[in-house]
Amino acid sequence: MALPPITFSRTFINDFNDADAPCCALGLVRSGDTVTGFFATKSESVVPRTVLGMGIGFGHRMLATPDNKPVCQFAFNFYGFEQYSVLVNPSNALALKAIETMVAQRDYFFFILNPDDGFSAFRSDLGEENLAGLRDSLPLMQSPRTSQASYENAVRTFRLAPDPSGSKTLNWVCRDDAAYLDLEEDTVDLPPLG
């Protein structure tokens, strides 16, 4: 059975395609009548299909910047291949909207754009453990108090000693244009999947 088309903001798709790898973005997507949040990654090396077939480990935790402001670390484990992390400023309205929508809908999409232009999509229900963790962290994320300078300082510090050790840090991209969340005006659909 084919799944309904997946609708993105055209502005987001264009800017994400132009972003340098390795990178990650958060946003909103529509599938059928449902709008939910997503993570999209672009790596420097092709994630093999055999690795994708094993699924992706997903987790998050709240960290403190060197001046004790909150940032959110999202970690993605491609089993037997690579582990990636991205630090997100929870004071960013676009990221917060995507996370709030994931929690409210209890699901999210995960998209992978490979350097060979291969594209993979996963849809996942947020299990109670992850949902509870995101829900528990949401009040801290919703208190807008992490400045851009403080966030950038946290990223520099994290890159010097990533945790978990050996994980690659993705650049957080497509985070400053409200058009990325617009799923009505200028959109593009992926073909039906399945």
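**View 1. Four strands, E4-E5-E6-E9 in that order, make an open sheet with mixed pairing.** Keep in mind that this is a predicted model. The edges belong to E4 (56–64) and E9 (168–169). Each of these two has just a single partner strand, so one side of each is left without a neighbour in the sheet.

**View 2. Here's the E5–E6 pairing, which is antiparallel.** Residues 70–78 form E5, residues 82–88 form E6, and seven bridges link the two strands. For a handy landmark, look for Asn77, which sits opposite Gln83 in E6.

**View 3. Helix H5 lies across the sheet strands E4, E5, E6 and E9.** The helix covers residues 148–160 and runs at about 160 degrees to E6.

**View 4. Now for the largest nonpolar core, with its 34 residues.** The members that touch the most others are Phe39, Phe74, Phe76, Phe78 and Val86. Plenty of elements chip in: E2 (23–31), H2 (49–52), E5, E6, H3 (93–105), E7 (107–113), H4 (128–141) and H5 each bring at least two residues. H3 gives the largest share, six residues. As a general backdrop, nonpolar side chains in soluble globular proteins tend to be buried together.

**View 5. Zooming in on Phe39 and its contacts.** Leaving aside residues up to four places away in sequence, Phe39 touches a run of aromatics, among them Phe58, Phe74, Phe76, Tyr108, Phe109, Phe110 and Phe111. Cys24, Ala25, Leu26 and Met102 are also on its contact list.

**View 6. There's a second core too, separate from the largest one.** This one has 18 residues, including Phe8, Cys23, Ala25 and Val29.

Definitions and conventions:
Residues numbered from 1 in each chain as written. Predicted model: local features only at pLDDT ≥ 70, side-chain atom pairs only at ≥ 80, totals over all residues. Heavy atoms only, no water. Pairing = 2+ DSSP bridges. Contact = heavy atoms within 4.5 Å. Axes fitted to C-alpha atoms, helices over the stretch in contact; angles between N-to-C directions. Core = buried A, V, L, I, M, F, W, Y, C linked by side-chain atoms within 4.5 Å. Buried < 20%, exposed > 50% of the residue type's maximum accessible area, 1.4 Å probe, protein only.
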